[in-house]
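Please look at the sequence and the 3D structure below, and then read the briefing beside them. It goes from single elements to whole chains, and it explains each term where the term first comes up.

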Amino acid sequence: MTPTEIDKIFRDEAGRALATLIRLVGDFDLAEDVLQETFAAALERWPAQEMPSNPRAWLVNVGRNKAIDRIRRQIAFRGKLGELTHELLGNASACEEMADVAVLDDDMLRLIFTCCHPSFAPEVQVALTLRTVCGLSTAQVARAFLASEEAMAQRLVRAKQKIRLAGIAYEVPERETLEPRLRGVLAVIYLVFTEGYVATSGEDLMRPDLAREAIRLARLLDALMPGRREIKGLLALMLLHDARRAGRETAAGDIVLLEEQDRSLWDENQIAEGLQLVEEALRLAGPPQTYAVQAAIAALHARAPSYEDTDWPQIAGLYEVLLRISPSPVVELNHAAAVSMVDGPARALDLVDALQARGGLDGYELLPAVRADLLRRLGRHDAAREAYLAATAATRLEPLRRLYARRMKEVTS
Amino acid sequence: MQYLLMIYSNEAEYAKMDPAAGKKISDEFEVFTKDIIQSGNFKAGDRLRPTSTATTVRVKDGKVLTTDGPFAETREQLGGYYLIEAKDLDAALGIAARIPSARHGYGSIEVRPIWVYN
């Protein structure tokens, strides 16, 4: 076995092994430490010997034994009464349990729901999830937040402390709270994706590794909790957005708007998968669900041969559904953009201005950009120029600034 | 696990409630308290007199300083508490959400675990 192959196995199995170890050991930090030691042991033994037939079970069993050793040593040292719990010592049948996929699936769900517990601030939920479920290193998570590694390590330590001290149970939520809690998990996954899809600041327009992690998480969740429209909807949405990645950016890192993108660069396979999932999501019973509707909109874009040849009336209609079920500044603006393609930019500008008057879009950084674009299409060049200046001031993203600069040149000449 | 549920609300707003609504919430508090006593979660609980009746004590350089009113001016003020026993945080949060003033949209409940010394 090469180190690369072993590494891949770790990547695939780490989350699951950790999830089960946390349950057995009852402590995040101890489980993580023990898993690290176990990896080290695997790196020593696996290349020389046969690959274990069930690497996940191997990791969990070796990890569990190391945890027992550790706790025994702690007891001997401090003379405290055993924290060698029943779970940890278990019995022979527990080893067969390791092969039981259902048990391991439950543990993974436990881990995901615990990381996304509502008593954590959303950024903390994201950080915990990236670190323990996705297995990113603290340094990688810190980079995702543009924070220092030290600050991120602190944040994670405090979060794990809260799990212990505030008594956050390592459980899948009960039936009554499952729906809202699941929505929380999906929100975290979507946060990870949107941060990867359009980074909020800095030089890079996209951080594809984060987008891939989010998709991986949603796939996992879909496998663990099948037949749920909101999960399929979110996965479809992310796949469809991500499929356009190659078309969104020039080699120089400049943004290419949807209307100018070379659609042949889009990932056909991912689009096909996304479209399939959208259909599955829409076929499942229930009231309209926000991710599924957003995915349906993305599907209409993905299917269209060109920007002009897109089914704009249907898209506008779908945004109206979104305005009903989950209104937000983004939805309002996207709705207006769709309306501009159906009824023209003047009508859309009325909508946007009415919104602004109602105070619904205060401080929303893309508002001036949308106004600028509509004004440009109406030939109101002075107003457009002012709006592009405001848009430039409102964003921290270099590629967007360059785009606005280009547009400003167009309306100045 | 033991948790302290601290009941915060804006005293001025709470006082503005009409007497009938006020009585309704009081009655609900009675029912709620009886419920959690019966379920074994209740350890203690009291309503507090308003912050106008508070006195704050600080000791500086050995001198005892007394000021009129709460420790700080805040938008919401502590109006009462429950000390409860609950299986885990979710159970405690569930109980907190049933507290009548919170259920009717008045203020917030801070849920804090008790620091247990062995």
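Helix H2 of chain B lies largely in the open, because the number of buried residues among its 20 residues is 1; a residue is called buried if 20 or more other C-beta atoms lie within 10 Å of its own, exposed if 12 or fewer do, and partly exposed in between, with C-beta atoms placed from the backbone. Helices (H or I, at least four residues) and strands (E, at least two) are DSSP runs, numbered from the N terminus. This is a predicted model, in which local features need a pLDDT of at least 70 and side-chain atom pairs count only at pLDDT 80 or more, while totals for chains, interfaces and linings use all residues. Residues are numbered from 1 along each chain as its sequence is written, and chains are lettered from A and ligands numbered from 1 in the order in which they are written.

**Helices of chain B**

- The 20 residues of H2(B) should span 28 Å at 1.5 Å a residue, and the end C-alpha atoms of this helix are 29 Å apart, which agrees; the expected span is 1.5 Å times one less than the number of residues.
- After H2(B) comes Gly40(B), which has a positive phi, near 85°.
- Helix H3 of chain B (residues 89-98) has as its buried residues Leu89(B), Asp90(B), Ala92(B), Ile95(B) and Ala96(B).
- These buried residues of H3(B) pack against strand E1 (2-9), helix H2 (19-38), strand E5 (77-85), helix H4 (100-103) and strand E6 (108-113) of chain B.

**Strands of chain B**

- In E1(B) the side chains alternate, with Tyr3(B), Leu5(B), Ile7(B) and Ser9(B) pointing to one face and buried, whereas Gln2(B), Leu4(B), Met6(B) and Tyr8(B) point to the other face and are not buried.
- E1(B) pairs with E5(B) in the antiparallel sense over 8 bridges, where two strands are said to pair if DSSP finds at least two bridges between them; Leu4(B) stands opposite Leu83(B) in E5(B).
- E1(B) is also joined to E6(B) by 6 bridges, the two strands running antiparallel, and here Tyr3(B) stands opposite Pro113(B).
- E5(B) pairs with E2(B) too, in the antiparallel sense over 5 bridges, and Phe42(B) stands opposite Ile84(B) in E5(B).
- Strand E2 of chain B (residues 42-47) lies largely in the open, because the number buried among its 6 residues is 0.
- Strand E3 of chain B (residues 55-60) is hardly covered, with a count of 0 buried residues among its 6 residues.
- E3(B) pairs with strand E4 of chain B (residues 63-68) in the antiparallel sense over 6 bridges, and Val57(B) stands opposite Thr66(B) in E4(B).
- E3(B) and E4(B) form a hairpin with 2 residues between them, and Asp61(B) in the turn has a positive phi of about 50°.

**Chain B as a whole**

- Chain B has 4 helices and 6 strands, and along the sequence they follow the pattern β-α-α-β-β-β-β-α-α-β.
- Of the 118 residues of chain B, 17% count as buried, and the C-alpha atoms of the chain fill a box of roughly 45 × 45 × 20 Å, taken along the principal axes.

**Chain A**

- Chain A has 21 helices and 0 strands, and 38% of its 413 residues count as buried.
- The largest nonpolar core has 123 residues, and those with the most contacts inside it are Leu21(A), Ile189(A), Ala214(A), Ala218(A), Leu234(A), Leu240(A) and Ala295(A); a nonpolar core is a set of buried Ala, Val, Leu, Ile, Met, Phe, Trp, Tyr and Cys residues joined through C-beta atoms within 7 Å.
- Ser340(A) lies in helix H17 of chain A (residues 329-343), and it counts as buried because it has 23 C-beta neighbours inside 10 Å.
- Ser340(A) and Trp312(A) are 28 residues apart in sequence and 9.2 Å apart in space, C-alpha to C-alpha.

**Confidence**

- Chain A averages a pLDDT of 86, and 89% of the residues score at least 70; pLDDT is the predictor's confidence in each residue, from 0 to 100.
- Among the elements of chain A, helix H5 (residues 92-97) has the lowest mean pLDDT, 47, and helix H16 (residues 312-325) the highest, 96.
- Where pLDDT is low, the predicted coordinates should not be read in detail.

Conventions: Contact = placed C-beta atoms within 7 Å.
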